[in-house]
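These are my notes from a first look through a structure that was new to me. I wrote down each thing as I looked it up, going from one chain to the next.

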Amino acid sequence: MTSAHSPLDPPKAAPGEPVLEVSDLEVSFPSEAGRVRAVRGLGYRVDPGEVLGIVGESGSGKSVSSLAVMGLLGAGARVSGSIRFRGRELLGLSDGELSRIRGRRIAMVFQDPLSALTPVYSVGDQVAEAVRTHAGVSRREAARRAVELLDLVGIPNAAERAGAFPHEFSGGMRQRVVIAMAIAHDPDLIIADEPTTALDVTVQAQVLDVLRTAREVTGAGIVLITHDLGVVAGVADRVLVMYAGRAVETGTVDQIFARPRMPYTLGLLGALPRVDEAEKRPLVPIDGQPPSLVQLPPGCSFAPRCPVSVPQCTLGEPALAPVDGGTGHRAACIRSDEIARSEAVPAEIYHVEPVRPAREPGPVQRASRVVLQVRDLVKHYPVSKGLLRRRAGLIRAVDGVTFDIRQGEAFGLVGESGCGKTSTLMEILGLRAPAAGTVRILGRDVVELDRRARRAVRRDLQVVFQDPMASLDPRMPVGAAVAEPMEVHGYPRERIRRRVPELLRLVGLGFEHADRYPVELSGGQRQRVCIARALALEPKLVVLDEPVSALDVSIQAGVINLLDELKDRLGLSYLFVAHDLSVVRHVADRVAVMYLGRIVEVGEAETVFGAALHPYTQALLSAVPVPDPVTERARERIVLTGDLPSPADPPSGCRFRTRCFLHAALSAEDRAVCATVDPPRKPRGDGADHEVACHFARPRKVL
Amino acid sequence: MGGFLIRRLANYVLLCLVATFLAYALASLTFDPLARLAERNPPPPAAVVESMRQELRLDEPVPQRFASWFGGVVRGDFGRTVTGQTISDELGRRIGVSLRLFLLGTVVGVAAGVLVGMVGAVRQHRPADYLGTLFAFVLLSMPTFLVGTLLKFGGLQLNLAAGTTLVYFTGEYDPGLRGGWGSALVDRLQHLVLPTLTIALHQIAYYSRYQRSAMLDVLGSEFLRTARAKGLTRRQALLRHGLRTALVPMATLFAFGFGLLVTGSVFTERIFGWYGMGDWLVYGIEQQDTNIVATVTLFVAVMVLVSGWLADVLYAVLDPRVRIGSLGGHR
């Protein structure tokens, strides 16, 4: 890694000297309601080769503060304080001066790789542009270097793929391209803003690996901004927790995870469902929502949501003060010493009652009534190619899927994006005759349904989508949105009038919410409205398509608890799709793992997660980060190579074999079996509710 | 690819045929080219009117007349006007006159429109943006003949102020001009300025609005931020990544705008005495001449279809997502 250092550059710092030192950083934006104080008095430092994890929920100021470091905030932003990079003050530099530092000494990796690349230039050209921007090299030389960089970040056939355009790359590949641009000039600091949030767990593990490689190759300090405490636990050396624009706790990763001293950090840790926990504990939702950054509450900004706040808390905003005897661990809470003495766990501090008793271990007697039965379901999409609209092949999105859901059961469907989860849902929700296979809802085959019968079945089958804002009409008050399904199905007016407040109460909202518009509600409240709307017709089966993935951790916990509670109280069945395996483990009773349009493993959630047999399930579980640095360090990861093969042309025999670590270790003879024989789904044999589609399935410890 | 292009071409030919037939039928059914003969004083003898009727084949049914006219078109013969001139002779010259105006007007209109739109987006809510918006809305709400007349007036003031003729108001060139090749070019340009401006101004106003909103979409995009994070200055990022991407949705607009110029140029050509296609259409209607109307319609149809094809090509050139038909394409 070489790049021309200009004589104006500060020299590479001696060890111990920080790469970046931020102090008293204040950022505010104009808004109609007044100035939004997005960052307030933030200070931190990053040493060379160190990973600082900045954690917080949306609106906590974590992204804004790093954009301030890059000098990439909009014209309306007012920034003050100090940002010293290698001892040189960055605040107040002109765009031209900053441009010489950006991309060369400080690089940035953004959240959404799908939109982070310019769609009209090839990836090779974009990386080469990054090279040429700071190094006076020829076009040819830059192109050669671009291929080298793409190779370094793990793009297979880099020389050939450099000519491809962003839309021809998967999300993980695009993020690699962005990282390749970031390390082009051997930077001193890499700021990664939610670099894996939009990616599947398996790809997330790969990208985090690439970031580690980048750090090793460049020796750069890394600021890792994320809302995912699991990622932080695995990657970061030190952690900074932000709330309402301020740092509320900071320390080494072990200090923060093992001995959190600020109630907000405690809440965040308790709100997280964990994939490595068999026992169902209630999650800790933090009540309320983050304060308006225009009008902050007096005193500690977390006090209004804090379960242990005392009147003193509103007197003044507590400063970050050393706790536990000043070992670099600092928290902004006047009661942190008391918390330290009591060694309380989140559930105690937040007074969370167990939602339901822990289930008896061992096989559970399944209810007899089958709510949804799916047999050999097939959904193929024809693909046309280019301007010519020539038929080019078939996407086998769903290719023979079989499962059933009994009454009162939560059935989770997991798998990487593109595995056919959503297509399966849409086929079921469509209530039309499938291309092949059968779908029976409440005992009725959808093929036999006429218009009226289909309408009747719709009552029993309701759905909640991922993005609550997008699935509510912004011009319809909440009460009307909840009443709408009942109006459509001809409920008497009087009954609707009575039922709307009932439903709102059921999902934890008050009647006063009925007149509000979705825009006036928080994300969690909106999702509650969607749930109330889905429950309006008293359905038997609710389809939940990523119901919490658009929500912040602390809010998500409340919605998960609500779903758990409703299922038990109303005897609902769920078909639950989520990419977050921790959430699925928490919610689902039974789980199916999908790969390339097939279910490769299905069974009781505890069995599948606790004793996964299919190598794909094992790889998925192994890729899920666990919010515990000690466990994370001890884990041996199975990193899947490459991306999902195209569902238009699945591999012969076992579809997973091209990425299978087990397959790679087999004898040539056994490998031939994988390549030729499509493994059938077989029960495990000891009578447990557990089926696996693998010729050579064997247990392996992954969590 | 070949089969696809041929199919597409066949579609185009059919569309041209339908459009021309409809125009031909409409014109034939409403026009009465003999009326003017009958109005003459003294009225011409019945035999003359009759021979005219024979010559124009007014007794035959419309489809039959169209078939024989179109048969001629295929061979390059567009028939005769009511006054007996061959249309083919004049067609080439008139197309030349119009295309010169359209092409230049479009180039100026597109370039300036994109510029005004981009500046408006980059300087949103600042004086430059407000000025551009005001300019666009004033022009868009003004009819062409008013713009043309105002330009004429402006040109007159300019000439008076300069004390010499800088710009001309009528015709494409000065018939009495003597001099070499160079002075002929200057003369032609002096005649071109005002009509080109009349056509371009409207397009600038129109395109600038679209370009502004396309650019605003791009301004908030993450790839622009990535470009700046690489170390590109704001200006470099805006030009290389922002403008380039914001041009993609404009391609269709440009192409079709060009195709539809003929109809819009009627007033411009009349005001400045340019004998192009737009002028010819009006003349054809005045003369109650079916063949001229059908010929101009055919020209418009060809222009629109060529533009459609051009739009597709432009789109493919500008946007790789269209160029390479990838498997995952949802288009």
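Before looking at any sheet, I settled what pairing means here: two strands pair if DSSP finds at least two bridges between them. I also noted that this is a predicted model.

Entry on the sheet of chain A. I looked up the strand order and found an open sheet of 4 strands, S2-S1-S4-S5 of chain A, with antiparallel pairing. Its edge strands are S2 (34-46) and S5 (88-89) of chain A, each of which pairs on one side only. I then followed one pairing in detail: S1 (residues 20-31) and S4 (residues 78-85) of chain A run antiparallel and are joined by 7 bridges. Within this pairing I looked up Val22(A), and its bridge partner in S4(A) is Ile83(A). Helix H1 of chain A, residues 62-70, lies across S1, S2 and S4 of chain A, and I noted that it runs at about 110 degrees to S1(A).

Entry on the domains of chain A. I looked up the division of the chain, which gives domain 1 (113-184), domain 2 (260-349) and domain 3 (370-601). For domain 1 and domain 2 of chain A, I noted that the C-alpha centres lie 43 Å apart.

Entry on strand S18 of chain A. Which faces of S18(A) are covered? I found that both are, with Leu461(A) and Val463(A) buried on one side and Gln462(A) and Val464(A) buried on the other. S18(A) runs parallel to strand S19 (residues 541-545) of chain A, and 4 bridges join the two. Opposite Val464(A), in S19(A), I found Leu544(A).

Entry on chain B. I checked the UniProt record, an unreviewed entry, whose annotation "transmembrane region" covers residues 12-31, 101-122, 134-151, 246-272 and 292-318 of chain B. I looked at two of these spans in the model. Residues 101-122 of chain B are 100% helix and 0% strand, with end C-alpha atoms 31 Å apart, whereas residues 134-151 of chain B are 83% helix and 0% strand, with end C-alpha atoms 18 Å apart.

Entry on helix H13 of chain B. In this helix, residues 277-286, I found Met277(B), Gly278(B), Asp279(B), Trp280(B), Leu281(B) and Gly284(B) buried. What do the buried residues of H13(B) pack against? I noted helix H5 (87-122), helix H12 (261-271) and helix H14 (290-318) of chain B. Last, I looked just past the end of H13(B), where Gln288(B) takes a positive phi of about 55 degrees.

Note on methods: Residues numbered from 1 in each chain as written. Chains lettered and ligands numbered in written order. Predicted model: local features only at pLDDT ≥ 70, side-chain atom pairs only at ≥ 80, totals over all residues. UniProt positions renumbered as here; feature names shortened; annotations may be inferred. Buried ≥ 20, exposed ≤ 12 C-beta atoms within 10 Å, placed from the backbone. Contact = placed C-beta atoms within 7 Å. Domains from an automatic or database assignment. Axes fitted to C-alpha atoms, helices over the stretch in contact; angles between N-to-C directions.
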